[in-house]
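I opened this notebook to keep track of what I looked up, entry by entry. The order follows my own curiosity.

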Amino acid sequence: MSTTRIGTAVVPAAGLGTRFLPATKSVPKELLPVVDTPAIELVAAEAAEAGADRLVIVTSEGKDGVVTHFTEDPVLERALHAGGKSHLLEKVRRAQGLLAVESVVQDEPRGLGHAVACAEPVLRDDEDAIAVLLPDDLVMPRGVLETMARVRASRGGSVLCAIDVPKDQISAYGVFDVAAARGLGDDLVQAPGTSDPDVLQVVGMVEKPTVEDAPSTLAAAGRYLLDRAIFDALRRTLPGKGGELQLTDAIALLIDEGHPVHVVVHRGGRHDLGNPGGYLRAAVDVALSHDEYGPPLRRWLDERLGRGAGTFDPGATVADARG
């Protein structure tokens, strides 16, 4: 089966990370480690595995460290080499060997649509589609981008990733209206011409609807393979609440004009790294699957949870503990 080539992957990373303050006062949220690897490196690796050869990071003033993570650090590398720490040297060099990285600056926070639009000037002339990966979304296992590329090759247009979320959580997401699935709980019908029940034709999108107004329980999962027509649609999309330019509004405009849009329903896991609770769950999930950290962490969790009542107070002193 043919596959659409993914050349450039765009990662919006201009936010201030206010939900993680005070940590993000000096450390960009995208560099907070999921166990031992920053979120920005995880999405870069995902893009590289899908065939991308270039990562464009949309950043803001003062967040140079996000791009610096992908550059060589000769002093650190020499120290690790001299100390015989080859395993750490390999980890340090991994990011810079994934793909070419460059940045564009979003001068003010004007929404996801505006962030994606900032990448247009640096695209190559021969690129007819771009991948967009939101670093707040950790999609596990990796591989959904490759599936999305195959769907685009066979169906054309733009292809998005969706997850099926509980009804009571749907109002936190951008929600897909898919063909023959106009009500919550209805059976989903696959897109015409496909044999995969998890490939669905999109007929509309709604940003953060109420439970009553949600057209389905399929929510955007932070992975987009967008036809280059998205940039023209963004130019013709009016800003919404707070003056922000929403990517979902531009995609909805394309759908209204007959541009084919499909979703691939991801049946694996997804973690929201954009808030501390989701970040902690992601770290535990990733650590549990790690050969080195997983077994002792699982034993500790079993022991800790088995103790029942009582919580650890990081501010308590030894004297407090002794009563």
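Entry 1, the largest pocket. I started with the elements that line this pocket and found that α5 (112-117), β11, α8 (247-256) and β13 (269-272) each supply at least two residues of its lining. I noted that β11 gives the most, with three residues. I should record that the model is a predicted one. I then looked up the volume of the largest pocket, which is about 1,400 Å³. I listed the residues closest to its centre, out of 39 that line it: R19, K29, L112, L134 and D136. I sorted the lining by class and got 15 nonpolar, 11 polar and 13 charged residues.

Entry 2, the second largest pocket. I read its volume as about 460 Å³. I found 20 lining residues, with V34, T37, L42, R142 and V286 nearest the centre. I checked which elements give two or more residues to this lining, and they are α1, α4 (86-94) and β7 (137-140). Which of them gives the most? I found that it is α1, with five residues. I counted the classes here as well: the lining of the second largest pocket has 10 nonpolar, three polar and seven charged residues.

Entry 3, helix α1. I turned to this helix next, which spans residues 39-49. Is it mostly buried or exposed? I found nine of its 11 residues buried. I wrote them down as A39, I40, E41, L42, V43, A44, A45, E46 and A47. I note that L42, buried in α1, is also one of the residues nearest the centre of the second largest pocket. I looked past the helix too, and G51, which follows α1, has a positive phi near 105°.

Entry 4, the cavity. I counted one cavity of 30 Å³ or more. I read the volume of the largest cavity as about 50 Å³. I found its lining to be F20, K29, E30, L32, A39, P135, D136, L273 and Y279. I classed six of these as nonpolar and three as charged, with no polar residue. I had met K29 and D136 before, among the residues closest to the centre of the largest pocket.

Entry 5, strand β4. I asked how many of its residues are buried. I found six of six, so the strand is largely enclosed by the rest of the structure. I checked the two faces: R54, V56 and V58 are buried on one side, and L55, I57 and T59 on the other. I then looked up its partners. I found β1 and β4 paired in the parallel sense over five bridges, with T8 opposite R54. I found β5 (residues 100-105) running parallel to β4 and joined to it by six bridges, with I57 opposite S103.

Entry 6, the nonpolar cores. I found 39 residues in the largest core, where I6, L55, I57, L133, M148 and L225 have the most contacts. I listed the elements that each supply at least two residues, among them β1 (8-12), α1, β4 (54-59) and β11 (218-227). I noted that α6 gives the most to this core, with five residues. I followed M148 and, leaving aside neighbours within four places in sequence, found it in contact with V159, L160, C161, R223, Y224, L225 and V264. I also found a second, separate core of 36 residues, including L134, V178, L254 and V265.

Technical notes: Residues numbered from 1 in each chain as written. Predicted model: local features only at pLDDT ≥ 70, side-chain atom pairs only at ≥ 80, totals over all residues. Heavy atoms only, no water. Buried < 20%, exposed > 50% of the residue type's maximum accessible area, 1.4 Å probe, protein only. Helix = DSSP H or I, 4+ residues; strand = E, 2+ residues; numbered from the N terminus. Core = buried A, V, L, I, M, F, W, Y, C linked by side-chain atoms within 4.5 Å. Contact = heavy atoms within 4.5 Å. 1 Å grid on protein atoms, 1.4 Å probe; cavity = no way out; pocket = protein on both sides within 12 Å on 5 of 7 lines; lining within 4 Å. Points joined across faces, edges and corners; volume = space filled by probe spheres on them. Nonpolar A, V, L, I, M, F, W, Y, C, P; charged D, E, K, R; others polar. Pairing = 2+ DSSP bridges.
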